[in-house]
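Welcome, and please open your viewer with the selection panel at hand. We will go from stop to stop, choosing what to select and seeing what is there.

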Amino acid sequence: MKTLVFASNNAHKMEEIRAILGGMFEVKSLEDIGCHADIPETGFTFQENALQKAQYVKEHYGLDCFADDSGLQVEALDGEPGVYSARYAEKNGYAVEGNRDDVNMDVLLEKLRGKENRNACFTTCIALLYEGQTHYFEGVVKGHIISEKRGDGGFGYDPIFVPEGYEKTFAELGNEVKNGMSHRARAVAKLAEFLKSEK
Ligand code: IMP
């Protein structure tokens, strides 16, 4: 079976990917290939960051590889937090002690205070380096940002994001519903479809 590296050490993401691609590829994590580097993510778009991670693996290990990058984009904030989603608080000069997700959400809610346009979307971009070619797969889920946190599930900005067509936040909807419709699920589905067609 051909090896395909998923440039991630996130156990949850690995499990999800292996469940989908496991029958077709031996999917290896960064840990599995002995890569313990802090791979730089210095791009200005999700696409650039995903490519940067995948290219690092290809260059250093010579293996076909894919990597993902995700984030939240808020219309009224010109697409912020975007590629800075994970470290939005620090980007705005806040020192983070304790729960980073909580502080990130507080900073975002503060910036959105009084703004009428609450439209936002989550995006995942996957960059795949496969048999000498580069391919991209994107998944988007649109929604809006509410003004207070609701729900205990999920991670990141889930407690303040309500997807289009729903009244509950991602954190209230629970993992099963969220994973069936999320930006990540949509991008992964496109990746899987492509790889299946290549087999
Ligand atoms: P990553 O590229 O998947 O690690 O995502 C980067 C950051 O975007 C995360 O640390 C979160 O702050 C945010 N993010 C990405 N996906 C989600 C999601 O499904 N829910 C909430 N926040 C997310």
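Start by selecting β3, which supplies five residues to the lining of the largest pocket, the largest share of that lining. Keep in mind as you go that this is a predicted model. In your sequence panel, β3 covers residues 65–74.

**Stop 1: the largest pocket**

With β3 still coloured, bring up the pocket as a surface. How much space lies in the largest pocket? About 1,300 Å³. Its lining has two or more residues from each of α1 (11–21), α2 (46–61), β3, α4 (100–112), α5 (170–181) and α6. To find the middle of the pocket, select K13, E41, D69, S70 and A86, which lie nearest its centre among the 46 lining residues. If you colour the lining by class, you will get 14 nonpolar, 19 polar and 13 charged residues.

**Stop 2: the ligand**

Now show the ligand as sticks. The space it takes is this largest pocket. Next, select the shell: 14 residues surround the ligand, and those that come nearest are K13, S70, D158, K178 and H183. K13 and S70 should already be highlighted from the previous stop, where they were listed among the residues nearest the pocket centre.

Which element gives the most to the shell around the ligand? It is β3, with three residues. At least two shell residues come from β3, and at least two come from α6 (183–198). Colouring the shell by class gives four nonpolar, five polar and five charged residues.

**Stop 3: polar contacts to the ligand**

Turn on distance labels and pick three side chains in turn.

- K178: a polar atom of its side chain lies 2.7 Å from a ligand oxygen.
- R184: here a polar side-chain atom is 3.0 Å from an oxygen atom of the ligand.
- D69: the distance from a polar side-chain atom to a ligand oxygen is 3.4 Å.

Taken alone, the ligand exposes 480 Å², and the protein buries 86% of that area.

**Stop 4: the largest cavity**

Leave the ligand and look for enclosed space. How many cavities of 30 Å³ or more does a search of the whole structure find? One. The largest cavity has a volume of about 50 Å³. Select F6, K13, E16, I17, F66, D68, I126, R184 and V188 to see its lining. Two or more of these residues come from each of α1, β3 and α6. The largest share is that of α1, with three residues. By class, the lining of this cavity has five nonpolar, no polar and four charged residues.

Two of these names will be familiar. K13 lines the cavity and is also one of the residues that come nearest to the ligand. R184 likewise lines the cavity, and its side chain has a polar atom 3.0 Å from a ligand oxygen.

**Stop 5: the loop between β3 and α3**

For the last stop, switch to the backbone. Most residues other than glycine have a negative phi, and most peptide bonds are trans. Select D78, in the loop between β3 and α3. Is phi of D78 positive or negative? It is positive, near 55°.

Then select E80 and P81. The peptide bond from E80 to P81 is cis, with omega near -5°. P81 has its place in the loop between β3 and α3 (88–91).

Notes
Residues are numbered from 1 along each chain as its sequence is written. This is a predicted model: local features need pLDDT of at least 70, side-chain atom pairs count only at pLDDT 80 or more; totals for chains, interfaces and linings use all residues. Side-chain values use heavy atoms; hydrogens and water are left out. A residue is near a molecule or strand if one of its heavy atoms lies within 4 Å of it. A polar contact is a pair of N or O atoms within 3.5 Å; within protein, one must be able to donate a hydrogen and the other to accept it, and residues adjacent in sequence count only if both atoms are side-chain atoms. Accessible areas come from the Shrake-Rupley method with a 1.4 Å probe; for residues, only the protein chains shown count as cover. On a 1 Å grid over the protein atoms alone, a cavity is a set of points where a 1.4 Å probe fits but cannot get out, and a pocket is an open set with protein on both sides within 12 Å along at least five of seven lines; lining residues have an atom within 4 Å of a point. A molecule sits in a cavity or pocket if more than half of its atoms lie within 2 Å of its grid points. Helices (H or I, at least four residues) and strands (E, at least two) are DSSP runs, numbered from the N terminus. Ala, Val, Leu, Ile, Met, Phe, Trp, Tyr, Cys and Pro count as nonpolar, Asp, Glu, Lys and Arg as charged, and the others, Gly among them, as polar. Grid points are joined across faces, edges and corners, and a volume is the space filled by probe spheres set on the points.
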